[in-house]
Amino acid sequence: MIKEKQSVVITGGASGIGRALAFRFGRGGNDIIVGDVEESALNITISELRSEGISATGIIVDVADLDSVRSFKEQVISDFTPPYVLCLNAGVGAGGSISESDILDWEWVLGVNLWGVIYGLNAFLPIMEENNNGHVIITSSIAGHLSYPNMGVYNASKHAVLSIAETLYYEVQEKNSDIGVSVLCPGLVKTNILDSDRNRPEILTINDSLDESDDHDIRKEAVREIYNLALEPERVADLVFKAVESRQFYIFTEDTFQGAIQSRHRDIELARNPMLGANLVEEHLNDSD
Ligand SMILES: NC(=O)c1ccc[n+]([C@@H]2O[C@H](COP(=O)([O-])OP(=O)(O)OC[C@H]3O[C@@H](n4cnc5c(N)ncnc54)[C@H](O)[C@@H]3O)[C@@H](O)[C@H]2O)c1
């Protein structure tokens, strides 16, 4: 059970799932520390949290930048108790086939989704281990279990953090540590992830016309339609809250993808060629017909 006035640190907490986590954990009387790169959204979220009586602090951090994460950590530990709950959640999405994906797409997405988790663990895990206390939640995705086409960059980032979370889970058991570990593997959640480009640094932005093609626009619209029907982030936050209390490792938010995950595991067991050929967008459009 989370005690009064423990610190809950959430990266990417200005929007979507992270924002919902801030409200959910804040209702328990905890100190909520939200780290995010988008200043305007961060300010709005913090004032909304405070207007509900939640003790909330916003700190600008770029999780893809080691110095920024280290300075975030310094601010957290100078003003608050070491994190009891650490949600390494900031993330961005980019689509496109492996052959279309630019090196800048890889650098941006892996920088936030993978290095953001690595830097976060490197900064906060030692102090949590010293206290032998707390719970780490790493946000992966269904894309950490499956390799749908046209999402290769994102898939790679989410498979990597799933593996980090599983490894950490085994390591804390091995050390008989009291630290809990969970990996959040959402399906589709109604957030601002389709507009991840809003936070893409200029230096990692591509100046080409590929993204402006009609095909790309049609695909993006189709994905938006699906996301409008997706799960509310508050529901995800409830599941995460319960998982911390019950020390549950895998947090899935829907069972839609379990068949595909089982099929992938079976492919591996039987060493047969992967069977998942269907495209995520088309599959979902057909399902909702
Ligand atoms: N929405 C979904 O369907 C879905 C599904 C599976 C996994 N996820 C994962 O959930 C997490 C949260 O995403 P979301 O869906 O709430 O999207 P979102 O865009 O609503 O929120 C992401 C947050 O991360 C922040 N962020 C982006 N780059 C950052 C950086 N460099 N440093 C610090 N903060 C940064 C954004 O400002 C934003 O507040 C991500 O890791 C995402 O990959 C989302």
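**View 1. The ligand and the residues around it.** In this predicted model, the ligand is surrounded by 31 residues. Closest to the ligand are Gly-12, Ser-15, Gly-16, Gly-91 and Thr-191. Sort the shell by chemistry and you get 14 nonpolar residues, 14 polar ones and just three that are charged.

**View 2. Helices that contribute to the ligand shell.** Two helices, α1 (16-26) and α4 (103-131), each put at least two residues into the shell around the ligand. The top contributor is α1, which supplies three residues.

**View 3. How α1 packs against α7.** Here's α1 again, this time with helix α7, which covers residues 233-246. A pair of packed helices can be described by the angle between their axes and the distance between those axes. For α1 and α7, the angle is about 55° and the axes sit 8 Å apart. Angles of 65 to 115 degrees would count as roughly perpendicular and those under 35 as roughly parallel, so α1 ends up oblique to α7. As for handedness, α1 and α7 make a right-handed crossing.

**View 4. Helix α8, out in the open.** Helix α8 takes in residues 258-270, 13 residues in total. From the first C-alpha to the last, α8 spans 18 Å, close to the 18 Å you'd expect at 1.5 Å a residue. Zero of the 13 residues of α8 are buried, so this helix lies largely in the open. Right after α8 comes Ala-271, with a positive phi near 50°.

Technical notes
Residues are numbered from 1 along each chain as its sequence is written. This is a predicted model: local features need pLDDT of at least 70, side-chain atom pairs count only at pLDDT 80 or more; totals for chains, interfaces and linings use all residues. A residue is near a molecule or strand if its C-beta atom, placed from the backbone, lies within 6 Å of it. Helices (H or I, at least four residues) and strands (E, at least two) are DSSP runs, numbered from the N terminus. Ala, Val, Leu, Ile, Met, Phe, Trp, Tyr, Cys and Pro count as nonpolar, Asp, Glu, Lys and Arg as charged, and the others, Gly among them, as polar. The expected span of a helix is 1.5 Å times one less than its number of residues. A residue is buried if 20 or more other C-beta atoms lie within 10 Å of its own, exposed if 12 or fewer, and partly exposed in between; C-beta atoms are placed from the backbone. Axes are lines fitted to C-alpha atoms, for helices over the stretch in contact, and angles run from 0 to 180 degrees between N-to-C directions. Angles under 35 degrees count as roughly parallel, over 145 as roughly antiparallel, 65 to 115 as roughly perpendicular and the rest as oblique. A crossing is left-handed if the near helix is turned anticlockwise from the far one by less than a right angle, and right-handed if clockwise.
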